[in-house]
Amino acid sequence: MRKTSVYLPDHLKRALTARASATRRSEAEVLRAAIELEVRARGPAAVKAVIAHDSPQPGRLVGVGVGPGDPDLLTMRALHALRRADRVIGPSTSQDAIGRAETILREAAPDVPVERVAFAMHPDAEIRAQAMGEIAGTVAGYLDDGDEVAFITLGDPLTYSTFSSLADAVDARRPGTLVEVVPGIMAFQSLASRTGTTLVDERQRLSVRTALDGDNDDDLARDLADPQCTVVLYKGGRHLPALTEAARRAGRLDGAVVGELLGMSGQRVGPLRQLGEAPASYLATVILPAPEGAVPPTVLPAPTGATDVVDDEVGLDEGQDRDPGGERVVAS
Ligand SMILES: C[S@@+](CC[C@H](N)C(=O)[O-])C[C@H]1O[C@@H](n2cnc3c(N)ncnc32)[C@H](O)[C@@H]1O
């Protein structure tokens with residue numbers, strides 16, 4: 001046995017004392033067991049990475065994106081933040097229902113316990129706001145006690161996620177709360193990679209939007225009418241047949257894809273032409289690629305006295321680089 005000493009912040013010291021007393025062990029025994037679990041679960045490489053990282057900060061709220069479904073799309077940074085936090089909170093419809101984000105986390109890191117908070121899915125905005133207020137009160141209480149709290153969300157925490165409203169509501173109760181975000185891979189990125197769909201290139205643009213009203217939406221019609229605009233549709237599962245028809249009218253069915261329950265059991269991925277005839281569930285994403293707009297390589301006028309040259313350096317944007325073969329350009 002070798003002796004070591006360690007300084008603990010007050011909130012951890014309190015938690016250690018409580019845990020030792022509740023389990024009738026000495027504090028040293030509890031510490032040994034915790035370290036053992038940590039080291040065994042992670043392996044030597046991960047332990048090194050963890051040592052290089054920071055420690056929990058009392059009163060910090062961290063929004064953690066867990067990706068769209070596949071457990072291996074949860075990033076290493078997310079995993080670290082979740083293991084570091086004193087509490088991990090997950091949204092759910094009720095205390096006895098496991099939310100999507102929690103399911104992903106259970107697969108990726110079964111060692112991380114999740115405390116559920118029930119979000120009201122009520123159509124009445126006042127009832128929803130009241131439920132959000134109660135959750136914010138709970139989270140603010142944990143932060144006041146000196147805990148670092150991680151809140152998990154599907155995909156990315158800053159894209160159509162409850163995290164933004166929660167962070168605002170917590171800040172209203174505890175002005176100046178330290179809030180950080182660990183980005184997550186989004187559903188449309190997963191769908192694009194599964195189907196080999198280029199999202200945007202050259203001067204095309206990307207419109208990520210909801211389709212809660214189906215095709216009855218002037219802004220959507222404008223995006224569809226722009227041949228250089230790739231359109232990503234979230235929350236349109238129940239309107240899939242109407243959206244498919246709108247895509248057909250706009251000449252947008254070629255290359256259009258839909259992904260339902262990506263990375264989850266029951267997943268469906270395929271051309272909108274085939275899958276868009278019937279409604280899908282809420283967890284469905286559609287990509288309608290821009291039919292035009294990828295600019296062909298620029299041919300510069302040949303310098304006097306030289307032969308014609310295709311300069312593939314022209315048209316490189318910031319953040320782009322040549323691939324090792326020197327011919328194609330790839331975004332970094
Ligand atoms: C509340 S938003 C969450 C978006 C998420 N924060 C993101 O960054 O992708 C829910 C919508 O995201 C899309 N979505 C999220 N996860 C998905 C999945 N696993 N499969 C298909 N679509 C998904 C669906 O369009 C769904 O209606």
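In this predicted model, helix α3 (residues 76–84) lies across four strands, β1 (60–65), β2, β4 (149–153) and β5, and its direction makes about 140° with that of β1. These strands belong to an open sheet of 5 strands, ordered β3-β2-β4-β1-β5, in which the pairing is parallel. At its edges stand β3 (115–118) and β5 (178–182), each of which pairs on one side only. On average, neighbouring strands of this sheet are turned by 25° against each other, direction ignored. A look at one pair gives the detail: β2 (residues 87–92) and β3 run parallel and are joined over 4 bridges, with isoleucine 89 finding its bridge partner in glutamate 115 of β3.

A pair of helices comes next. The axes of α5 (residues 125–144) and α6 (residues 162–173) approach within 9 Å and cross at roughly 65°, and the crossing is right-handed. On the α5 side, the contact is made by Met132, Gly133, Ile135, Ala136, Gly137, Val139 and Ala140, while α6 contributes Ser165, Leu166, Ala169, Val170 and Arg173. By class, the residues of this contact comprise 8 nonpolar, 3 polar and 1 charged.

There is also an open sheet of 5 strands with mixed pairing, in the order β6-β7-β10-β8-β9. Its edges are formed by β6 (205–210) and β9 (268–271); each has a single partner strand, so one side of each is left without a neighbour in the sheet. Here the average turn between neighbouring strands is 15°, direction ignored. Within this sheet, β8 and β10 pair in the antiparallel sense over 4 bridges, and glutamate 260 has alanine 284 of β10 as its bridge partner. Helix α7 (residues 187–195) packs on the sheet and touches β6, β7 (229–234), β8, β9 and β10, its direction making about 60° with that of β10.

The ligand brings several of these elements together. Of the 23 residues around the ligand, those that come nearest are Gly155, Met186, Ala187, Tyr234 and Leu262. Two strands, β8 (257–260) and β10 (284–288), each supply at least two residues of the shell. Both domain 1 (53–185) and domain 2 (188–288) take part, with at least three residues of the shell drawn from each. In composition, the shell around the ligand has 12 nonpolar, 8 polar and 3 charged residues.

Technical notes
Residues numbered from 1 in each chain as written. Predicted model: local features only at pLDDT ≥ 70, side-chain atom pairs only at ≥ 80, totals over all residues. Axes fitted to C-alpha atoms, helices over the stretch in contact; angles between N-to-C directions. Left-handed = near helix turned anticlockwise from the far one by under 90°. Contact = placed C-beta atoms within 7 Å. Nonpolar A, V, L, I, M, F, W, Y, C, P; charged D, E, K, R; others polar. Near = placed C-beta within 6 Å. Domains from an automatic or database assignment. Pairing = 2+ DSSP bridges.
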